[in-house]
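Hi everyone, thanks for making time this morning. Let me put the model up on the screen, and then I'll walk you through it.

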There are 2 protein chains.
Amino acid sequence: MLDTAGCPDCKRINDVLSRVGDRWSVLVVISLARDGTLRFNELKKNLGISQRMLSLTLKELERDGLVHRTYHPTIPPKVEYTLTEMGQSFREPVSALGYWALENLTKIDAARQAYDKSVAK
Amino acid sequence: MLDTAGCPDCKRINDVLSRVGDRWSVLVVISLARDGTLRFNELKKNLGISQRMLSLTLKELERDGLVHRTYHPTIPPKVEYTLTEMGQSFREPVSALGYWALENLTKIDAARQAYDKSVAK
DNA sequence: CATAGTGGTTCCCTATTTGTTACCGAGGTT
DNA sequence: AACCTCGGTAACAAATAGGGAACCACTATG
């Protein structure tokens with residue numbers, strides 16, 4: 001099972017999607033793309049993400065080479081996050097997705113309401 | 001919590017992403033985009049998805065107005081799925097993401113290996 | 001009679017994800 | 001001395017995702 005026969009690219013797309021395709025990763029990239037450099041607690045406040053999930057998400061993004069982490073060993077410590085070159089290049093498809101989302105949000109809501117009404121009756 | 005203050009669009013993007021952003025939805029859209037019309041068991045075979053998840057995914061996509069379902073009351077029954085106009089428009093950002101994924105898969109793998117090695121030592 | 005084929009739905013169980021809370025260290029502030 | 005800040009980590013609890021198998025209706029075929 002799960003051999004995805006018949007759609008060879010599906011498996012690879014699937015691979016990448018399961019890495020960078022989660023909600024928080026995308027939102028972190030969007031935030032960093034907009035603001036350039038952000039500190040840990042700035043991201044946390046901006047996104048309304050829990051400390052734990054932000055920590056995990058940033059660690060994954062750093063591991064995948066999309067985000068660069070700069071640690072300043074001051075007291076209190078200061079850590080800055082920026083996009084790497086690959087992270088920058090990720091902006092384009094993500095922006096495309098974001099724009100589509102904003103443009104089609106109302107259509108989706110309308111479709112949902114219509115569907116729910118037609119099912120309920 | 002979770003008020004996403006400071007990034008008003010984030011919440012909305014988040015909304016849409018949590019609807020159409022899961023792995024199976026994306027793969028179903030890709031398959032339908034490529035083949036035009038597919039039946040339930042064709043999708044199931046192509047994607048290696050379980051019957052349950054395919055059923056749930058298709059129902060959601062239909063509800064969101066991305067997929068159109070045509071039921072032929074023959075014996076045995078025949079159901080055909082196609083993309084709606086909005087589903088077609090979703091192809092573009094998804095394709096962009098797919099191309100990025102294919103282009104950067106090896107880079108991500110390399111970054112991962114480098115990161116893991118630097119942490120392990 | 002039994003079986004297969006089609007498009008599901010429902011129940012059960014497990015695995016993964018996500019959130020909550022508490023805690024840390026080192027130095028500065030009150 | 002007590003408390004605050006920053007950037008996390010560890011432990012625990014809850015929610016969700018996902019697979020597998022069984023079942024359904026209906027009919028044609030062997």
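Let's begin at N104(A), which sits in helix α5 of chain A, residues 85-120. By helix I mean a DSSP run of H or I with at least four residues, and by strand a run of E with at least two, both numbered from the N terminus. Before I go on, this is a predicted model, so local features need pLDDT of at least 70 and side-chain atom pairs count only at pLDDT 80 or more, while totals for chains, interfaces and linings use all residues. Residues are numbered from 1 along each chain as its sequence is written, chains are lettered from A and ligands numbered from 1 in the order in which they are written, and side-chain values use heavy atoms, with hydrogens and water left out.

Back to our asparagine: is N104(A) buried or exposed? N104(A) is buried, with a relative accessible area of 3%. The cut-offs are under 20% for buried, over 50% for exposed, and partly exposed in between, using a 1.4 Å probe and protein chains only. And what does N104(A) touch, once we leave aside its neighbours within four places in sequence? The partners are M86(B) and S89(B), on the other chain; contact here means heavy atoms within 4.5 Å.

That brings us to how the two chains are related. Chain A superposes on chain B by a rotation of 180° with 0.1 Å of shift along the axis, at an RMSD of 0.3 Å. That is the relation of a two-fold axis. The fit is by least squares on the C-alpha atoms of residues with pLDDT of at least 70 in both copies. If you want to find the axis on screen, look for P93(A): of the residues of chain A, its C-alpha comes closest, at 3.2 Å. Also, 96% of the interface residues of chain A are interface residues in chain B too, so the copies meet through the same surface.

Another buried residue to click on is L27(A), in helix α2 of chain A, residues 23-35. Its relative accessible area is 1%. L27(A) and L47(A) are 20 residues apart in sequence, yet 7.4 Å apart in space, C-alpha to C-alpha.

Now the strands. Strand β2 of chain A, residues 67-72, pairs with β3(A) in the antiparallel sense over 6 bridges, and a hairpin of 5 residues joins the two. Pairing requires at least two bridges found by DSSP. In that pair, H72(A) stands opposite K78(A). Strand β1, residues 38-39, also pairs with β3(A) in the antiparallel sense, over 2 bridges, with R39(A) opposite E80(A).

Which residues of β3(A) are on its covered face? They are V79(A), Y81(A) and L83(A), while K78(A), E80(A) and T82(A) are on the uncovered one. In a regular strand the side chains alternate between the two faces of the sheet.

On to the DNA, starting with strand C. It has 18 residues around it, the closest being R52(A), Q51(B), S55(B), R69(B) and Y81(B); near means a heavy atom within 4 Å. Of the strand C atoms within 4 Å of the protein, 59% belong to sugar or phosphate and the rest to bases. A polar side-chain atom of Q51(B) lies 2.5 Å from a base nitrogen, and one of Y81(B) lies 2.5 Å from a phosphate oxygen. For polar contacts with the DNA, the cut-off is a pair of N or O atoms within 3.5 Å. α4(B) gives the most to this surface, with 4 residues.

Strand D is surrounded by 20 residues, and the nearest are Q51(A), S55(A), R69(A), Y81(A) and R52(B). Here 61% of the DNA atoms within 4 Å of the protein are sugar or phosphate. Q51(A) places a polar side-chain atom 2.4 Å from a base nitrogen, and a side-chain N or O atom of Y81(A) is 2.5 Å from a phosphate oxygen. The backbone joins in at P77(A), where a polar atom is 3.1 Å from a sugar or linking oxygen. The largest share of the surface, 4 residues, comes from α4(A).

That's my tour, and I'm happy to take questions!

Definitions and conventions: A polar contact is a pair of N or O atoms within 3.5 Å; within protein, one must be able to donate a hydrogen and the other to accept it, and residues adjacent in sequence count only if both atoms are side-chain atoms.
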